[in-house]
Amino acid sequence: MPNELIIILNLIVLYLAVLLWYYLFGTKGLYCFSIFATIVANIEVLILVNAFGMEQTLGNVLFATTFLITDIVSEVNGKKESQKVVNTNILTSVLFVAITQMWLLYTPSSNDFAFSSIKTLFATTPRIVFASLIVYAVTQKFDVWLYHKWWDFTNKRFKDKEKYLWLRNNGSTLVSQALNAVLYNLIAFGGVYSWETVGSIIATSYIIFIFTSLLDTPVVYLARKIYHKKFEGKNEDEITNRHASPTFGISFRKKKTENAVNTECLDDNFSNETKVNEEITIIENDKNENATKDDISEKDSENNDQKY
């Protein structure tokens, strides 16, 4: 399969996955996907391929989804929440470096077959992830800041918070991605590849980022539509919990109904039992009353007999 086709399919799958995660799990789903993209992109970026007539590293599409996610979160949840996404991914990268470097400290068994490959892969990871960490922190915080600057501008200029989403989305991402392409590739690959190759990687990375940025605009619009239709003014956790465990909701409602029926039956049984007990009491009282009357009648008869 041609590399170009794989990249296009990869882009479609990842963008649809972002929407699916948001639809099923809300903002928490975007957090999870962003963490996934941060980890996998730091591994995928080690692969160098030729596609569209250019030499390029992979990981650009995955990394682009993190910008997409911060734009979605900025649009529907605000600046503070999007900054939390950025900070979460920064800490994820730090932990990723620490854990992968600890793997390399182990002494492998004589039967091990994977350690040498793992060592080859992750021995270069610290520099890659350090570059990713620094550049990600700078460019993502800049992206969130610029997004809301564009939003303030369009809101003041046109008096409508909903309009011109395409402008703030692309106006922030295209500038941030240019900064990202230059800084990341200089720090990660300067001295590793020839400067000609590094320059080519920077150019191709930004060309890819232009396409991914333009193509993610409809995704942001769809995410906002999902927000208005499904989450706006509602408890997001309650909605996503129903998606996460639909059978639980059904069984819970069924159980609740069964309990109500059982309670009603118990109430009816108790009521019927009470009525029976009351009737028995009345009968016994009548018997006792009749017995008392009979005793009185017998005593009166005895007294009358004595008189005679």
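What follows is a walk through the fold, the confidence, the nonpolar cores and the largest pocket of a predicted model.

The chain runs to 308 residues, and 38% of them are buried. Its secondary structure comes to ten helices and two strands. Reading along the sequence gives α-β-β-α-α-α-α-α-α-α-α-α, so the pair of strands sits right after the opening helix, with helices from there on. Much of the contact map is long-range: of the contacts between residues at least 6 apart in sequence, 75% link residues at least 24 apart. The accessible surface adds up to about 18,300 Å², and carbon and sulfur atoms account for 63% of it.

Confidence is uneven. The mean pLDDT of the chain is 81, with 76% of the residues at 70 or above. Among the elements, helix H8 (residues 217–231) comes out on top with a mean of 94, while helix H10 (residues 246–307) sits at the bottom with 55. Over residues 247–252 the pLDDT stays under 50, and the model shows zero contacts beyond four places in sequence for that stretch. Where pLDDT is low, the predicted coordinates should not be read in detail.

Turning to the interior, the largest nonpolar core holds 42 residues, and the members touching the most others are Val18, Tyr22, Leu30, Leu68, Ile69 and Ile72. At least two residues apiece come from helix H1 (3–44), helix H2 (60–77), helix H3 (79–103), helix H5 (125–158), helix H6 (165–189) and H8. The biggest contributor is H1, with 13 residues. Leu68 gives a feel for how the pieces meet: setting aside neighbours within four places in sequence, Leu68 contacts Tyr15 and Val18, and also Asp216, Val219 and Val220. A second core, separate from this one, has nine residues, among them Val45, Ala188, Phe189 and Val198. In soluble globular proteins, nonpolar side chains tend to be buried together.

Then there is the matter of open space. The largest pocket has a volume of about 200 Å³. Its lining is made up of Ile7, Ile8, Leu11, Phe52, Met54, Val61, Ile207, Ile208, Phe211, Thr212 and Leu215. Both H1 and helix H7 (195–215) put at least two residues into that lining, and H7 supplies the most, with five residues. H1 therefore turns up twice, as the main source of the largest core and as one of the helices lining the largest pocket.

Definitions and conventions: Residues numbered from 1 in each chain as written. Predicted model: local features only at pLDDT ≥ 70, side-chain atom pairs only at ≥ 80, totals over all residues. Heavy atoms only, no water. pLDDT = per-residue confidence, 0-100. Helix = DSSP H or I, 4+ residues; strand = E, 2+ residues; numbered from the N terminus. Contact = heavy atoms within 4.5 Å. Core = buried A, V, L, I, M, F, W, Y, C linked by side-chain atoms within 4.5 Å. Buried < 20%, exposed > 50% of the residue type's maximum accessible area, 1.4 Å probe, protein only. Areas by Shrake-Rupley, 256 points an atom, 1.4 Å probe, with all protein chains shown as cover. 1 Å grid on protein atoms, 1.4 Å probe; cavity = no way out; pocket = protein on both sides within 12 Å on 5 of 7 lines; lining within 4 Å. Points joined across faces, edges and corners; volume = space filled by probe spheres on them.
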